[in-house]
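Welcome! Take a moment to turn the structure around on your screen, and then use the notes below as a guided tour.

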Amino acid sequence: MPKMNGNFSKLEKNYLFINIAQKVNAFKQANPDADIIRMGIGDVTLPIAKPVIDAMKKGADEMGVKETFRGYEDSGAGYDFLKEQIAAYYKSFGADVKASEIRINDGAKSDCGNIQDIFAEDNVVLVTDPVYPVYVDSNVMSGRKIICADSNEENGFAAMPDGNVHADIIYLCSPNNPTGSAYTKDQLKVWIDYAIANGAVIIYDAAYEAFITDPDIPRSIFCVEGARKCAIELCSLSKTAGFTGMRAGYTVIPDELEFPTSDGSMVSVSQIWGRRQGSKFNGVSYPVQCAAYAVFTEEGMRATRENIAYYQENAKIMTDTLTRLGIQFTGGVNSPYVWFKCPNGMTSWEFFDYLLANACVVGTPGAGFGKNGEGWFRLTAFGDRDRTIEAMQRLEKLIGSAS
Ligand code: PLP
């Protein structure tokens, strides 16, 4: 009889968004005519840009012709034509990344969860709290010790390291999900120095880099000196180009990044990750890689940035509303997430219920992302413009009348 992995019993019982879905379904059953506006899950709503879809169709057509048909890709790490485009994209904002250091995947979540496979079980993992749950869950499943650096009101939800606390694996997400805060170059340099002093690795999630508008906020950790000695970067086309239903992302591991194994010998992180992927992953479909390539062409970039500008305008409508209401928030700038303090001292879940019952608006309770999220709430700017305006009018009416 197989024994199950007991670490699963240490996970939170229900994934956050399943809890939310259950509550919304119950509300819908009790109020079948309610006009619910969903601003909870961070999924995009605009269609993918035309040049990107055209490239995918062309790739699909090539698969139906003997001369251009493609089966398994040799390396499973992505076609050179795409990796070279991504390397050029990195160069455009000052990060020195080689095409050979990039591996294409089926979205950042897979690698966010899988990357811990290549590290020993006795490593201490540090996450910033509130946290994107995958970093925690994947390490709980593997039985690792997890410690937290607090992101809170005092530090503007941008946790910084404590030099007296040791960590081996550090997860950073900037711009951050859920808090919308983003690290400046100077703040990232502090994390890099801390990682190097501890012999630690930084796993840097840049899934929202395309939303950065502030020149002081780096689009990649590789824009910051020292990162090549300690960092792995994960990125995604989900929010950059609307690929949540297409599935493509990329992971960057510098050639020179190496760490010791249990016998003390140094090994290349990139080689070990390549070995892991070789055994467990067969690559991303050719048409999707063609589409991903088109994202990084001049025409594709122009078209996808129009969608991002649309979401950024939504975010502005949301932050303007919160400012008018005198509610404290982070994010909305450099980020599609707006993270705000629940009014009248409500807990996150109390406010969730209150907002759903009285305004039919669904958001995400901050407490679902960790202890520092209690009393805070996340809304996303990925919705439709008219619905975003409507939701903000409802919020303004509700909070304005309650205060
Ligand atoms: N990283 C962060 C911080 C995210 O918020 C998300 C998705 O919401 C992902 C990674 C995963 O993105 P993907 O769709 O590429 O798997």
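Let's begin with the ligand: the shell around it holds 14 residues, and those that come nearest are A108, D205, Y208, S236 and S238. Please keep in mind that this is a predicted model. From the ligand we will move on to the cavities, and then to some details of the backbone.

**Around the ligand**

- A108 uses its backbone here: one of its polar backbone atoms is 2.7 Å from an oxygen atom of the ligand.
- K109 also takes part through its backbone, with an N or O atom 2.9 Å from an oxygen atom of the ligand.
- S236 takes part through its side chain, where a polar atom lies 2.6 Å from an oxygen atom of the ligand.
- How much of the ligand does the protein cover? On its own the ligand has 400 Å² of accessible area, and the protein covers 91% of that.
- Two elements, α4 (residues 108-114) and α7 (residues 238-241), each give two or more residues to the shell around the ligand.
- If you sort the shell residues by character, you get six nonpolar, four polar and four charged.

**Cavities inside the protein**

- Three cavities have a volume of 30 Å³ or more.
- The largest cavity has a volume of about 60 Å³.
- Which residues line the largest cavity? They are V44, L46, K239, T240, A241, G242, T304, N307, I308 and Y311.
- Both α7 and α10 (residues 298-325) supply at least two residues of this lining.
- The biggest contribution to the lining of the largest cavity comes from α10, which gives four residues.
- By character, the lining of the largest cavity has five nonpolar residues, four polar ones and one charged one.
- Why does the largest cavity lie between two domains? Domain 1 (14-43 + 300-402) and domain 2 (50-296) both give residues to its lining, so the cavity lies between them.
- You have now met α7 in two places: α7 gives residues to the shell around the ligand, and α7 also supplies residues to the lining of the largest cavity.

**Backbone details to look for**

- D129 and P130 are joined by a cis peptide bond, with omega at about 10°.
- To find P130, look in the loop between β3 (residues 124-129) and α5 (residues 133-141).
- Another cis peptide bond runs from S174 to P175, and its omega is near -10°.
- P175 sits in the loop between β5 (residues 169-173) and α6 (residues 185-198).
- N334 is not a glycine, yet it has a positive phi of about 60°.
- You will find N334 in the loop between β11 (residues 329-331) and β12 (residues 337-341).

Conventions: Residues are numbered from 1 along each chain as its sequence is written. This is a predicted model: local features need pLDDT of at least 70, side-chain atom pairs count only at pLDDT 80 or more; totals for chains, interfaces and linings use all residues. Side-chain values use heavy atoms; hydrogens and water are left out. A residue is near a molecule or strand if one of its heavy atoms lies within 4 Å of it. A polar contact is a pair of N or O atoms within 3.5 Å; within protein, one must be able to donate a hydrogen and the other to accept it, and residues adjacent in sequence count only if both atoms are side-chain atoms. Accessible areas come from the Shrake-Rupley method with a 1.4 Å probe; for residues, only the protein chains shown count as cover. Ala, Val, Leu, Ile, Met, Phe, Trp, Tyr, Cys and Pro count as nonpolar, Asp, Glu, Lys and Arg as charged, and the others, Gly among them, as polar. On a 1 Å grid over the protein atoms alone, a cavity is a set of points where a 1.4 Å probe fits but cannot get out, and a pocket is an open set with protein on both sides within 12 Å along at least five of seven lines; lining residues have an atom within 4 Å of a point. Grid points are joined across faces, edges and corners, and a volume is the space filled by probe spheres set on the points. Domain bounds come from an automatic or database domain assignment.
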